[in-house]
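Reader: I would like a close look at a single part of this protein, with enough background to place it. Please take it slowly, as I am in my first year.

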Amino acid sequence: FNDMNVYAWVTASGAKFLLLHEQKAEDGARGRIPHKNEESIKLFFSEVNDLYSKTVLNPFYSPDQPIRSQVFQERVHTLGRKLL
């Protein structure tokens, strides 16, 4: 687990997001160098929060239920590949 990173984000409305990912690194003379910085993590959470807000505003979404939208999952994965 030493090569895993864990981040959390809590919105003003109380929604909680967790991010668990493997640390990307480049080989350097001194070993592993982290691939992304804190700003990219914040941007990722901000974008996921926007997607989440749009999803829960859908009249067919039931509060307190898991989001099972394939489109939502694909967009989150795309953000992860792009920003992380």
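How much area does the protein expose, and what share of it do carbon and sulfur atoms supply? After that, please look closely at the salt bridge: which side chains meet in it, and where are they?

Author: The model is predicted, and the area is a value for the whole protein. About 6900 Å² is exposed, with 52% of that supplied by carbon and sulfur atoms. Of the 84 residues in the protein, 24% are buried.

Some background on the fold comes next. The protein has four strands and two helices, and their order along the sequence is β-β-β-β-α-α. Taking the contacts between residues at least 6 apart in sequence, 46% join residues at least 24 apart.

Now to the part you asked about. One salt bridge turns up when the whole structure is searched. The side chains that meet in it are those of Lys42 and Glu38, with an N to O distance of 3.8 Å. The cut-off for a salt bridge is 4 Å, so this pair falls within it. Side chains of opposite charge can pair when their charged atoms come close. Both residues belong to helix H1, which covers residues 38-56. Because Lys42 and Glu38 are four residues apart in that helix, about one helical turn separates them. As for cover, Glu38 is exposed, at 56% relative accessibility, and Lys42 is partly exposed, at 40%. The limit for exposed is over 50%, which is why Glu38 at 56% gets that word and Lys42 at 40% does not.

For a contrast in cover, take Thr11. This residue is in the loop between strand E1 (4-10) and strand E2 (16-22). Thr11 has a relative accessible area of 11% and is therefore counted as buried, the limit being under 20%. Its side chain makes a polar contact of 3.0 Å with the side chain of Ser13. Leaving out residues up to four places away in sequence, Thr11 touches Phe17 and Asn49. Asn49 lies within the range of helix H1, residues 38-56, and Phe17 within that of strand E2, 16-22.

A last point concerns confidence. The average pLDDT of the protein is 84, and 82% of the residues score at least 70. Residues 27-33 are a stretch where pLDDT stays under 50. For that stretch the model has nine contacts beyond four places in sequence.

Note on methods: Residues are numbered from 1 along each chain as its sequence is written. This is a predicted model: local features need pLDDT of at least 70, side-chain atom pairs count only at pLDDT 80 or more; totals for chains, interfaces and linings use all residues. Side-chain values use heavy atoms; hydrogens and water are left out. Buried means under 20% relative accessible area, exposed over 50%, partly exposed in between (1.4 Å probe, protein chains only). Contact means heavy atoms within 4.5 Å. Accessible areas come from the Shrake-Rupley method with a 1.4 Å probe; for residues, only the protein chains shown count as cover. A polar contact is a pair of N or O atoms within 3.5 Å; within protein, one must be able to donate a hydrogen and the other to accept it, and residues adjacent in sequence count only if both atoms are side-chain atoms. pLDDT is the predictor's confidence in each residue, from 0 to 100.
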